[in-house]
Amino acid sequence: MKRLQGQTGGLCEYMPADVCDMESLRRAIVAIQWRFGNVMHIVHTAAVIEDAVVHNVTFSLLERVLKPKVMGSWNLHLLSEQLCPQLKSFVCLGSAACVPTLIKHTLHLT
Ligand SMILES: NC(=O)c1ccc[n+]([C@@H]2O[C@H](COP(=O)([O-])OP(=O)(O)OC[C@H]3O[C@@H](n4cnc5c(N)ncnc54)[C@H](OP(=O)(O)O)[C@@H]3O)[C@@H](O)[C@H]2O)c1
């Protein structure tokens with residue numbers, strides 16, 4: 001975080017939260033707004049990678065990979081609607097790697 005702060009000239013802080021857990025996320029957003037003021041931009045980068053070829057994909061593997069992407073972005077959307085009236089951008093990172101690429105990357109979901 002110190003290196004990032006030095007590179008950006010801004011103020012960087014680490015605040016742990018589970019994007020799949022609404023209350024954990026709410027606490028983090030409230031704490032961020034209390035400390036820094038209104039949240040203007042959100043970049044959702046949470047991801048879990050579980051490499052597997054298609055015939056080895058189980059429901060629990062799929063759930064583990066999908067949860068932070070789908071539930072995480074949905075929770076962020078709902079909470080930002082409630083708590084971040086001045087939000088200007090909401091960016092969700094993903095990957096095209098599951099479509100054209102390496103055989104074991106079928107679970108690298110966008
Ligand atoms: N790296 C690449 O080459 C690449 C290419 C294309 C797209 N992307 C996309 O860019 C994004 C970031 O990639 P990355 O390489 O930085 O991934 P990464 O190094 O695997 O980091 C993913 C982060 O997500 C966090 N995370 C997982 N589940 C979470 C949850 N429920 N709540 C909060 N945080 C959670 C992990 O935290 P913990 O470590 O605490 O579990 C980890 O810090 C991803 O969306 C990925 O799909 C990456």
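Begin by selecting the ligand and its surroundings: 13 residues lie around the ligand, and Ala 46, Ala 47, Pro 68, Leu 93 and Ser 95 come nearest (a residue is near a molecule if its C-beta atom, placed from the backbone, lies within 6 Å of it). Coloured by class, this shell shows eight nonpolar, four polar and one charged residues (Ala, Val, Leu, Ile, Met, Phe, Trp, Tyr, Cys and Pro count as nonpolar, Asp, Glu, Lys and Arg as charged, and the others, Gly among them, as polar).

The model is predicted: local features need pLDDT of at least 70 and side-chain atom pairs count only at pLDDT 80 or more, while totals for chains, interfaces and linings use all residues. Residues are numbered from 1 along each chain as its sequence is written.

Next, select residues 41–44 and 89–92, which are strands E1 and E2; they run parallel and are joined by four bridges (strands pair if DSSP finds at least two bridges between them). His 44 has Cys 92 in E2 as its bridge partner. Now add helix H3, residues 59–83, through which the chain crosses from E1 to E2 in a right-handed β-α-β crossover (with the strands pointing away from the viewer, the path from the first strand over the helix to the second runs clockwise).

Then select Thr 45, in the loop between E1 and H3. Thr 45 counts as exposed because it has 11 C-beta neighbours inside 10 Å (exposed means 12 or fewer other C-beta atoms within 10 Å, buried 20 or more, and partly exposed in between, with C-beta atoms placed from the backbone). Its C-alpha lies 5.3 Å from that of Leu 93, 48 residues away in sequence.

Finally, display the whole chain, whose elements run α-α-β-α-β from the N terminus (helices, H or I, are DSSP runs of at least four residues and strands, E, of at least two, numbered from the N terminus). Of its 110 residues, 10% count as buried.
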